[in-house]
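Visitor: I would like to learn how to read a few features of a protein model, and I would be glad of some guidance.

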Amino acid sequence: LLFCSACLTISIWLLFWEIQKTEEEAQYKNLLSIQQLQYRKFTDELDSFHRTQHDMRHHFRAIDSLLREGKNEEAAGYISECVSIIDSREQEIFCPDPLINALLQYYVGEARQSGIRCEIHVRIGRCPIDSVDMTVLLGNCLENAVLSCLRSEEPRLIRLNMRIVNSTLAILMENTCSAVSFSRSVYQRENENGGYLPAKAFLSMGAGGKGLESLEHSAARYGGTAEFRFRNPRFYTRITLELPPSSPDSGTGAQPVPLSASREA
């Protein structure tokens, strides 16, 4: 009887665990679908920018033709029009990788239009992480940061650092944040020494806290971690991802080194 009771208890526990796991995977897939649509939007905008650069060569030929014909006033007007086109299309290059650069261009542009100061330091070449996973992870980081800044008083700041340390891709995000809601038990237990906290420590961040959970899920897929810290008026996001052994940017035989929060350490 005891054996049957134990088996029944274990079976019920496994059933609930499977149900919870299925629900979490379904939520992650829904979020992934949304982020894939966002990624296609970013790449379309980047392609449009490259087409504009290509078209500028034709404009220069037209200007050269006007100058050769002595039509200086027409050439000056044409140049002024071309300068306006360049100013409207010109975007800062943050990273050689097209995916990461497109994400940064989009969110940094949105942030600056809202008066948010951005400091972006990306020290990687080709992105060693799957493009869809990186879209979910980096897109959530930037979106959370922008929303947090918009809910805060000025001065508003977003500071992003990305680099590869040995075989680890390290991301540190710092943004203005006026207040967060903690899960008190987790906060008291794990934040006694001023350290970083898991996503479950925060009751309400962004869209019901799902953004932070998604970051943890994405990091775990690469054997890494996603941790968070609030020190008024700043919110810190620290992520480490272990690079695949075949990645050209990963170290050979080196132990992973997590990113330290250098500014607040």
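Guide: What follows is a short conversation about strands, a crossover and some backbone angles. This is a predicted model, in which local features need pLDDT of at least 70, side-chain atom pairs count only at pLDDT 80 or more, and totals for chains, interfaces and linings use all residues. Residues are numbered from 1 along each chain as its sequence is written, and side-chain values use heavy atoms, with hydrogens and water left out.

Visitor: How many bridges join strand β1 to strand β2?

Guide: Helices (H or I, at least four residues) and strands (E, at least two) are DSSP runs numbered from the N terminus, and two strands pair if DSSP finds at least two bridges between them. Here seven bridges join β1 (residues 117-123) to β2 (residues 157-165), and the two strands run parallel; in one of these bridges, Cys118 has Ile158 of β2 as its partner.

Visitor: Which hand does the unit made by β1, helix α4 and β2 have?

Guide: A crossover is right-handed if, with the strands pointing away from the viewer, the path from the first strand over the helix to the second runs clockwise. In this model β1, α4 (residues 131-150) and β2 make a left-handed β-α-β unit.

Visitor: Where is the cis peptide bond from Glu154 to Pro155?

Guide: Pro155 lies in the loop between α4 and β2, and the bond leading to Pro155 from Glu154 is cis, with omega near 0 degrees. The bond from Asn232 to Pro233 is also cis, with omega near 10 degrees, and Pro233 is in the loop between β6 (225-231) and β7 (234-242).
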